[in-house]
Amino acid sequence: PPPPPSLMYQSPRTATVEASLGGVVWALDRQVFRHTVTTAKAARVAVSQESLSKVKILSTVTIAERARLGDALVACEFNDGDTIIKQGAYGDNLFIVEEGLAIAYIDIAKGDAGGSFKKKEVFRHTAGDYFGERALLTDEPRAATVIASGPLKAWTVDRASFERLLGTEVKRRMSQRVSSYDMLEGDGAAPATVKKGEWSFLSW
């Protein structure tokens, strides 16, 4: 929830709170509260900026643009085996890996009479990698399932912030990555396992 405006901005109280039973409460004065909030925000911004600085595709944005994007990022954590995005689902978020490993899989038909599928690993996302932009750029379903391999820390940005804050050059480069993957997918050329630094344009 947002901080109480009466403490942050010296505005009047917006509600009256009355005790219905006897009890003990803790009080925090304005100065301590504001110092705590601003310190926490500064620490959060510093961490998000460090993560953004590792994303190569954001190398063209200005410091001010990166700061605005950092303000829009939301921290999220996943446990081993958690599904972050799922192939075939529609999404509204892009993810940037801060720490840990996320593995992308695609479903491939086994060709049996039952029409079953098997998972094929196609990419390993580590710190500084991002994924999930396809759904924001094309409104298409996710092209892969991405699962956390061990504890994972990431940042996520929603569609509205993505559209508002990312410049045209970044969006153009992301669109190229989506197009490059589409061409390979159509040729059936997806590798069994994509190593770090190779086929970095794969897009989910």
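## A buried leucine in helix α2

Leu 52 is buried, with a relative accessible area of 0%. In this predicted model, Leu 52 has its place in helix α2, which covers residues 30–53. When neighbours within four places in sequence are left aside, the residues in contact with Leu 52 are Leu 58, Arg 66, Leu 69, Gly 70, Leu 73 and Ile 96.

One of these contacts can also be described by its separation along the chain and in space: Leu 52 and Leu 73 are 21 residues apart in sequence, while their C-alpha atoms are 9.9 Å apart.

## The protein as a whole

The protein contains 6 helices and 8 strands, and, read from the N terminus on, its elements follow the order α-α-α-β-β-β-β-β-β-α-β-β-α-α. Of the 204 residues in the protein, 36% are buried, a group to which Leu 52 belongs with its relative accessible area of 0%.

Among the contacts in the protein with a separation of 6 or more, 73% are between residues 24 or more positions apart. The area that the protein exposes is about 12,300 Å², and carbon and sulfur atoms supply 55% of that area.

## An open sheet of four strands

Which strands make up the open sheet, and in what order do they stand? The sheet has 4 strands in the order β1-β8-β3-β6, and their pairing is antiparallel. Strands β1 (74–78) and β6 (130–131) stand at the edges with a single partner strand each, so one side of each is left without a neighbour in the sheet. As a general matter, strands of a sheet pair through backbone hydrogen bonds, in either a parallel or an antiparallel sense.

Strand β3, made of residues 93–99, is joined to strand β8, made of residues 152–158, by 6 bridges in the antiparallel sense, and within this pairing Leu 94 has Val 157 of β8 as its bridge partner. Strand β3 also pairs with β6, again antiparallel, over 2 bridges, and here the bridge partner of Phe 95 is Phe 131 in β6.

## Leu 152 in strand β8

Is Leu 152, a residue of strand β8, buried or exposed? With a relative accessibility of 2%, Leu 152 counts as buried. The distance between the C-alpha atoms of Leu 152 and Glu 98 is 7.8 Å, although the two residues are 54 residues apart in sequence.

Not counting residues up to four places away in sequence, Leu 152 touches Cys 76, Glu 77, Phe 78, Ile 84, Val 97, Glu 99, Gly 100, Leu 101 and Ala 102.

## Pairings around β4 and β7

Strand β4 (residues 102–109) is joined to strand β5 (residues 117–125) by 8 bridges, and the two run antiparallel; one bridge places Ala 109 with Phe 117 of β5. Strand β4 is also joined to β7, through 4 antiparallel bridges, among them those that give Ala 104 the partner Val 146 and Tyr 105 the partner Thr 145. A further antiparallel pairing links β7 to strand β2 (residues 83–85) through 2 bridges, with Thr 83 standing opposite Ile 147.

In a regular strand, side chains alternate between the two faces of the sheet. In β7, Thr 145 and Ile 147 point one way, whereas Val 146 and Ala 148 point the other way, and all of them are buried. The loop between α4 (133–138) and β7 (145–148) holds Asp 139, whose phi is near 60 degrees, a positive value in a residue other than glycine.

## Cavities inside the model

How many cavities of 30 Å³ or more does the structure hold? There are 2 such cavities, and the largest cavity has a volume of about 70 Å³.

The largest cavity is lined by Val 55, Leu 58, Leu 69, Leu 73, Leu 94, Ile 96, Tyr 130, Val 157, Phe 162, Leu 166 and Met 174, a lining that divides into 11 nonpolar residues, with no polar and no charged ones. Several of these names have appeared above: Leu 58, Leu 69, Leu 73 and Ile 96 are among the residues in contact with Leu 52, and Leu 94 and Val 157 are bridge partners between β3 and β8.

Key: Residues numbered from 1 in each chain as written. Predicted model: local features only at pLDDT ≥ 70, side-chain atom pairs only at ≥ 80, totals over all residues. Heavy atoms only, no water. 1 Å grid on protein atoms, 1.4 Å probe; cavity = no way out; pocket = protein on both sides within 12 Å on 5 of 7 lines; lining within 4 Å. Points joined across faces, edges and corners; volume = space filled by probe spheres on them. Nonpolar A, V, L, I, M, F, W, Y, C, P; charged D, E, K, R; others polar. Buried < 20%, exposed > 50% of the residue type's maximum accessible area, 1.4 Å probe, protein only. Contact = heavy atoms within 4.5 Å. Areas by Shrake-Rupley, 256 points an atom, 1.4 Å probe, with all protein chains shown as cover. Pairing = 2+ DSSP bridges.
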